[in-house]
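Could you walk me through this structure in plain words? I'd like to know how the strands are laid out and which spots in the backbone deserve a second look.

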Amino acid sequence: MGRRWRDGRGELVVQGGATVPLEIATSYRARTRGLLGRDAVEGAMLLSPANSVHTFRMRMPIDVAYLDRELVVVAVRTMRPWRLGLPRLRARHVLEAEAGRMAGWGVRVGVRVEVRGAVGAG
């Protein structure tokens, strides 16, 4: 189930719940930058492909949700700045948001999400 997103904006739709503004980072440069140097994020950021993250040089704690190929959440963690997350073997995409936000959106293990917008050709 290949996905062809491109860097840009979209929406994250949580199964049975919230619709959240989404930044999509698919290029190497966008994924590397991620949320570094920010004091806040509106909504969430999707890193794809990705199966791990770090919070070195981040200014805020973040929630991290690891997604499999079908966009089902396989793990959710809160990470403080200056931490290195372990890779998740089943993960193909990673969602990041300000700490505490994902629980309010209903993002938890087993929930499927949908990404709308920022679709590339091909």
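**A walk through the model**

Arg57 counts as exposed, with a relative accessibility of 57%. Keep in mind that this is a predicted model. You'll find Arg57 in the loop between E3 and E4, and its backbone is a bit of a surprise: phi is positive, about 70 degrees, although Arg57 is not a glycine.

That loop has another thing to show you. Pro49 also sits between strand E3 (44-47) and strand E4 (62-67), and the peptide bond leading into it from Ser48 is cis, with omega near -5 degrees.

Now hop to the loop between E4 and E5, where Leu71 lies. Here again phi is positive, near 65 degrees, in a residue other than glycine. Is Leu71 buried or exposed? Leu71 has a relative accessible area of just 3%, and since buried means under 20%, Leu71 counts as buried.

Time to step back to the strands themselves. Strands of a sheet pair through backbone hydrogen bonds, either parallel or antiparallel. In this model, 7 strands make an open sheet with mixed pairing, and going across you meet them in the order E5-E4-E6-E3-E2-E1-E7. At the edges are strand E5 (73-79) and strand E7 (113-116), each pairing on one side only. On average, neighbouring strands of this sheet are turned by 30 degrees against each other, ignoring direction.

For a look at one pair, take strand E1 (residues 8-14) and strand E2 (residues 19-25): they run antiparallel and pair over 6 bridges. To spot one of these contacts, start from Arg9, whose bridge partner in E2 is Glu23.

Terms used. Residues numbered from 1 in each chain as written. Predicted model: local features only at pLDDT ≥ 70, side-chain atom pairs only at ≥ 80, totals over all residues. Heavy atoms only, no water. Pairing = 2+ DSSP bridges. Helix = DSSP H or I, 4+ residues; strand = E, 2+ residues; numbered from the N terminus. Axes fitted to C-alpha atoms, helices over the stretch in contact; angles between N-to-C directions. Buried < 20%, exposed > 50% of the residue type's maximum accessible area, 1.4 Å probe, protein only.
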